[in-house]
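Here are some exercises for getting to know a new structure. Take a look at the model, try each task yourself, then walk through the solution.

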Amino acid sequence: MKSRPLTLIDDTDTLIEYSAAMDRMQEMWEERVADQRPDTLWLLSHEPIFTAGARTPETHFPAPETDIPVLLTRRGGQLTYHGPGQLVGYLIVRLQPGEGVVDLIRDVEHRIVTALAELGIPAERRDTPPGSELLTGVWTRDTGRKITSIGMRVGRNVSTHGFALNVIGDLTPWKLAVACGMPDVDMTSVERELPGQQPPTMDRVVATIATAFEAAAAPSPTP
């Protein structure tokens, strides 16, 4: 992995409505394009929502009577779920020379694998067999479950969107739709992969992810 120090914004103390987050992310993207902000990792959690990439078939959507809203997005990837107990990381970064969006996604996968190992969960990224649905994300090595979804977009050489790591809480919403374009995928969480143990707090997971991504809060301005 290439070194890529990031400025950390930690907004995990509250749930942020998805559309409001998209508006803020667009502002961050415009600032990064104009070199008015450094490469940034924004950590947060969303109110319950399904989001779908442009290639998501309607047959993968939840039933119309499902209470959780569905929103179409401009990111890559297919349908995913966001909600309480999940850590979302949006990366607003300028691609390095010779780097493409797939390279960035691979880098994100490897960093999440490193963070999960620190939390006691062996994990791995997967290569996509020819003709199969793109295996973007991170899986647990021992149980073969998917623990992190990734969907990104690059415009004017600057990325938006990012990853969603399930930490604690209810996994039932994942069963209401076809997650990640894979009908048989078994979505899991840090809590589920550590049975019989006290799961790490969200604060610890945030700190572990921040370390893996070389992310630190910007210093306070000098008075």
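**Exercise 1.** Which residues point one way from β6, and which the other way?

*Solution.* First, some ground rules. This is a predicted model, where local features need pLDDT of at least 70 and side-chain atom pairs count only at pLDDT 80 or more, while totals for chains, interfaces and linings use all residues. Residues are numbered from 1 along each chain as its sequence is written, and side-chain values use heavy atoms, with hydrogens and water left out.

Step 1: find the strand. Helices (H or I, at least four residues) and strands (E, at least two) are DSSP runs, numbered from the N terminus, and β6 covers residues 86-92.

Step 2: sort the side chains. Q86, V88, Y90 and I92 go one way, and L87, G89 and L91 go the other.

Step 3: check burial. Buried means under 20% relative accessible area, exposed over 50%, and partly exposed in between, with a 1.4 Å probe and protein chains only. Seven of the seven residues of β6 are buried, so the strand is largely enclosed by the rest of the structure.

**Exercise 2.** Work out which strands pair with β6, and place them in their sheet.

*Solution.* Step 1: know the rule. Two strands pair if DSSP finds at least two bridges between them.

Step 2: look at the partners. β2 (residues 40-46) pairs with β6 in the antiparallel sense over five bridges, and T40 sits opposite I92. β10 (residues 158-166) is also antiparallel to β6, again over five bridges, with G162 as the bridge partner of Y90.

Step 3: zoom out. The order in this open sheet of eight strands is β7-β8-β9-β10-β6-β2-β1-β11, and the pairing is mixed. At the edges are β7 (123-124) and β11 (215-217), each pairing on one side only.

Step 4: add the helices. Contact means heavy atoms within 4.5 Å. Axes are lines fitted to C-alpha atoms, for helices over the stretch in contact, and angles run from 0 to 180 degrees between N-to-C directions. Helix α1 (residues 18-33) packs on the sheet, touching β1 (6-16), β2, β6, β9 and β10, and its direction makes about 140° with that of β10. Helix α3 (residues 202-212) packs on the sheet too, touching β1, β2, β6, β10 and β11, at about 30° to the direction of β6.

**Exercise 3.** Describe helix α2 and find what covers its buried residues.

*Solution.* Step 1: size it up. α2 (residues 101-118) has 18 residues and reaches 26 Å from its first C-alpha to its last, close to the 26 Å expected at 1.5 Å a residue; that expected span is 1.5 Å times one less than the number of residues.

Step 2: pick out the buried residues. Among them are L104, V108, I112 and A115.

Step 3: see the cover, which includes β6, β7, β8, β9, β10 and α3.

Step 4: look just past the helix. G120 follows α2 and has a positive phi, near 90°.

**Exercise 4.** Find the sheet of three strands and give its order.

*Solution.* Step 1: the order in this open sheet is β4-β3-β5, with mixed pairing. Its edge strands are β4 (70-72) and β5 (80-82).

Step 2: β3 (residues 49-52) and β5 are antiparallel, joined by three bridges, and F50 stands opposite Y81.

Step 3: put it in context. The protein chain comes to three helices and eleven strands, and 51% of its 223 residues are buried.
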